[in-house]
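Dear colleague,

I am passing on the structure we spoke about, and my notes on it follow directly below. Please read them with the model open beside you.

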Amino acid sequence: MANTASAQKRIRSNARKARSNQITKSRVRTTVRAARESLDDPAEAKKAVMAAVSELDRAAEKGVIHKNNAARRKGLLMKKLAALEVKNS
């Protein structure tokens, strides 16, 4: 147990931030999963990928995930979307 008031406050604030970060990470995972699953349906794919890109950008901006992590994941999604568009055109 923390002995000082500042250490106790730090424990409380870390718990609060962890909850917030978990919500953001969960939202990112959900939208990325939906985007990957939508790659079967070309009509929905672009919209779902753009939603996932937006969530990744938002998480990176908040510092929940690293900006390079977000860039890598966005690049993979866009690469799959481009391959799908080439295949369907």
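The largest nonpolar core has 18 residues, and those touching the most other members are Val32, Ala35, Leu39, Val49, Leu56, Ile65 and Leu77. At least two residues of this core come from each of α1 (5–38), α2 (42–62) and α3 (67–88), and α2 gives the most, with eight residues. Please bear in mind throughout that this is a predicted model. As a general background to such a core, nonpolar side chains in soluble globular proteins tend to be buried together.

Leu77 is a useful residue from which to look into this region: leaving aside residues up to four places away in sequence, Leu77 touches Val32, Ala35, Arg36, Val49, Ala52 and Leu56. Among these contacts, Val32, Ala35, Val49 and Leu56 are also listed with Leu77 as the core residues that touch the most other members.

Turning to the charged side chains, the count of salt bridges comes to two. In general, side chains of opposite charge can pair when their charged atoms come close.

One of the two joins the side chains of Glu55 and Arg58, with an N to O distance of 2.9 Å; both residues lie in helix α2, three residues apart, which is about one turn of the helix. The two partners may be compared by their accessibility: Glu55 has a relative accessibility of 11% and counts as buried, because the cut-off for buried is under 20%, whereas Arg58, with a relative accessible area of 39%, is partly exposed.

The other salt bridge is formed by Lys74 and Asp57, whose closest N and O atoms are 2.6 Å apart. Because Lys74 lies in helix α3 and Asp57 in helix α2, this pair ties together parts that are 17 residues apart in sequence. Both partners are partly exposed, Lys74 with a relative accessible area of 21% and Asp57 with one of 34%; the value for Lys74 calls for some care in reading, because residues under 20% would count as buried.

Finally, I would draw your attention to Thr24, which is placed in helix α1. At 6% relative accessibility, Thr24 counts as buried, and, again leaving aside residues up to four places away in sequence, Thr24 touches Ala59, Lys62 and Val64. Of these contacts, Ala59 and Lys62 fall within the range of α2 (42–62).

With best wishes

How values were computed
Residues are numbered from 1 along each chain as its sequence is written. This is a predicted model: local features need pLDDT of at least 70, side-chain atom pairs count only at pLDDT 80 or more; totals for chains, interfaces and linings use all residues. Side-chain values use heavy atoms; hydrogens and water are left out. A nonpolar core is a set of buried Ala, Val, Leu, Ile, Met, Phe, Trp, Tyr and Cys residues joined through side-chain atoms within 4.5 Å. Buried means under 20% relative accessible area, exposed over 50%, partly exposed in between (1.4 Å probe, protein chains only). Helices (H or I, at least four residues) and strands (E, at least two) are DSSP runs, numbered from the N terminus. Contact means heavy atoms within 4.5 Å. A salt bridge is a side-chain nitrogen of Lys or Arg within 4 Å of a carboxyl oxygen of Asp or Glu.
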